[in-house]
Amino acid sequence: MKTEKVLIVGGGFGGIKAALELARHGNFRVTLLTAHDNFRYYPTLYRTATGGKRANSSIPLSEIFKDLRISIHKGVATTLDRQNKQITTATGETYGYDTLILGLGVITNYFSIPGLSDFAYGIKSNEDALKLKAHLHKQLLDDQQPDLNYLIVGGGPTGIELAGALPGYLRTIMKNHDIRKKSINVRLIEAAPRLLPRLPRSVSRTVRRRLKHLGVKVHLGKVVQGQTADNLMVSGKRLRSHTVIWTAGVTNHPFFAENHFVIMHRGKVATDVYLQAEDNIFVVGDNANTPYSGLAETAVYDGAFVAANLKRRARGRDMKAYKPKSPISVIPAGPHWAAVIYRKFHVSGFIGWLLREAADFVAFKDLESWPKAALQWATGLDGEESCPECSDKSDRLTEAQPATK
Ligand SMILES: Cc1cc2nc3c(=O)[nH]c(=O)nc-3n(C[C@H](O)[C@H](O)[C@H](O)COP(=O)(O)OP(=O)(O)OC[C@H]3O[C@@H](n4cnc5c(N)ncnc54)[C@H](O)[C@@H]3O)c2cc1C
């Protein structure tokens, strides 16, 4: 039987799942082309930004694919040549395929609001998270009169998890450095009339109460209009802040529009029932126009779905049609607390947090062996600081009592 050359572009949740499934199967010669040599576990980035271990949100691809027959290349795909069935990268390398799977994820969208791209912090990569953490630290220690106004824009899961963790982390830095008690002002700004507008109202209310309990002020129905070095303009008002964190917008990867794919509403790529955008070009995860696109769980499901269909096709059987899978939403807010929502069921508090920990472990287990997944999960219990003062104190804390996140 002829070996099928499968090129997977994008080493995120969807691409990696497809690659793992196909690389274990003799019928396929799998190549993974991706922009980074590590897998980024976005759900724990907020922890990395607020004192957690960097390794908790990053796994080297070489570890994930150890002992598997796969060719891994680092590169940024720019052009699709349909005629010759090949992808070209920004540095001019070309990669051929019989079958192409695209899972490039999304990019930050500032909706052309002036100043945001220059002054706002983000939380979309390990680099973003570390830059924000360094800023939080530096600003508290170096400035004689530090600006203690922290503005998080976006009342979706990312904004909420960061808002939940930030007050505690700032207080920890201040305590470690014996900075006398100052009042911190953390605000979460959302344009919609409620937090988590895609989830049930009762969940929005519960999460809002929780944030209030943590000392976060929530501003609903407020629209960001611009940012300068010192201020954020919000619904006609100037809010002073040197720390604005933008979590309010993403847009589909520009590769698809630039390469003339059919784009649907929300900028997602149109596919058929097999997640095929065109003959032998499959699109997975955040890029595809599916009902639950935008979640890690959906991307993993899509990757597994496309891989299973390719295996079916290789055995001469018909491919199956895609059935969207209702996801479980888990939204942590502060230490040992999360809201968990599955269809009409929802629970919040410590039980929610336990479920979130279990979900992280299952996600790592999907990518690595049991012992490695356990180690990866356990890195989430540790802190990591480049500042000697904080590092020393967090070590002592870890020895003295179970770590909190
Ligand atoms: C801060 C944050 C927290 C989140 N928390 C959660 C959560 O708790 N639960 C949840 O379900 N979802 C969460 N999400 C969403 C979830 O991470 C995404 O839905 C998921 O990553 C989508 O997977 P994907 O495979 O489509 O894309 P990604 O995982 O984004 O992977 C895309 C890959 O493509 C690579 N790439 C990009 N451009 C190119 C190119 N031109 N050439 C080659 N490679 C390229 C990237 O480097 C990356 O490896 C979160 C997202 C963020 C940003």
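**Exercise 1. The shell around the ligand**

Task: In this predicted model, determine which helices and strands each supply at least two residues of the shell around the ligand, and how the residues of that shell divide by character.

Solution:
- Step 1. The elements that each give at least two residues to the shell are α1 (13-23), β2 (28-34), α6 (157-176) and α9 (296-314).
- Step 2. In total, 33 residues surround the ligand. The closest are G10, G12, G105, G285 and A299.
- Step 3. By character, the shell contains 16 nonpolar, 14 polar and three charged residues.
- Step 4. Domain 1 (4-35 + 75-108 + 250-327) and domain 2 (116-248 + 336-400) each contribute at least three residues to the shell.

**Exercise 2. Two helix pairs**

Task: Classify the crossing of α10 with α11 and the crossing of α5 with α6, and state the handedness of each.

Solution:
- Step 1. Two packed helices are described by the angle between their axes and the distance between the axes.
- Step 2. For helix α10 (residues 350-367) and helix α11 (residues 370-378), the axes come within 8 Å and cross at roughly 140 degrees. Angles over 145 degrees would count as roughly antiparallel, and 65 to 115 as roughly perpendicular; α10 is therefore oblique to α11.
- Step 3. The crossing of α10 and α11 is right-handed.
- Step 4. For helix α5 (residues 126-142) and α6, the axes come within 11 Å, at a crossing angle of roughly 45 degrees. Angles under 35 degrees would count as roughly parallel, so α5 is oblique to α6.
- Step 5. α5 and α6 also cross in the right-handed sense.

**Exercise 3. An open sheet**

Task: Give the strand order of the open sheet of three strands and explain why one side of β6 and of β8 is left without a neighbour in the sheet.

Solution:
- Step 1. The order is β6-β7-β8, and the pairing is antiparallel.
- Step 2. β6 (77-81) and β8 (94-96) are the edge strands; each has a single partner strand, so one side of each has no neighbour in the sheet.
- Step 3. From one strand to the next, the twist averages 25 degrees.
- Step 4. Strand β7 (residues 86-89) is joined to β8 by three bridges. Within β8, G96 stands opposite Q86.

**Exercise 4. A hairpin**

Task: How do β21 and β22 pair, and which residue of their hairpin takes a positive phi?

Solution:
- Step 1. Strand β21 (residues 328-332) pairs with strand β22 (residues 338-342) in the antiparallel sense, over five bridges.
- Step 2. P332 has A338 in β22 as its bridge partner.
- Step 3. Five residues lie between the strands of the hairpin, and G334 takes a positive phi near 80 degrees.

Note on methods: Residues are numbered from 1 along each chain as its sequence is written. This is a predicted model: local features need pLDDT of at least 70, side-chain atom pairs count only at pLDDT 80 or more; totals for chains, interfaces and linings use all residues. A residue is near a molecule or strand if its C-beta atom, placed from the backbone, lies within 6 Å of it. Helices (H or I, at least four residues) and strands (E, at least two) are DSSP runs, numbered from the N terminus. Ala, Val, Leu, Ile, Met, Phe, Trp, Tyr, Cys and Pro count as nonpolar, Asp, Glu, Lys and Arg as charged, and the others, Gly among them, as polar. Domain bounds come from an automatic or database domain assignment. Two strands pair if DSSP finds at least two bridges between them. Axes are lines fitted to C-alpha atoms, for helices over the stretch in contact, and angles run from 0 to 180 degrees between N-to-C directions. A crossing is left-handed if the near helix is turned anticlockwise from the far one by less than a right angle, and right-handed if clockwise.
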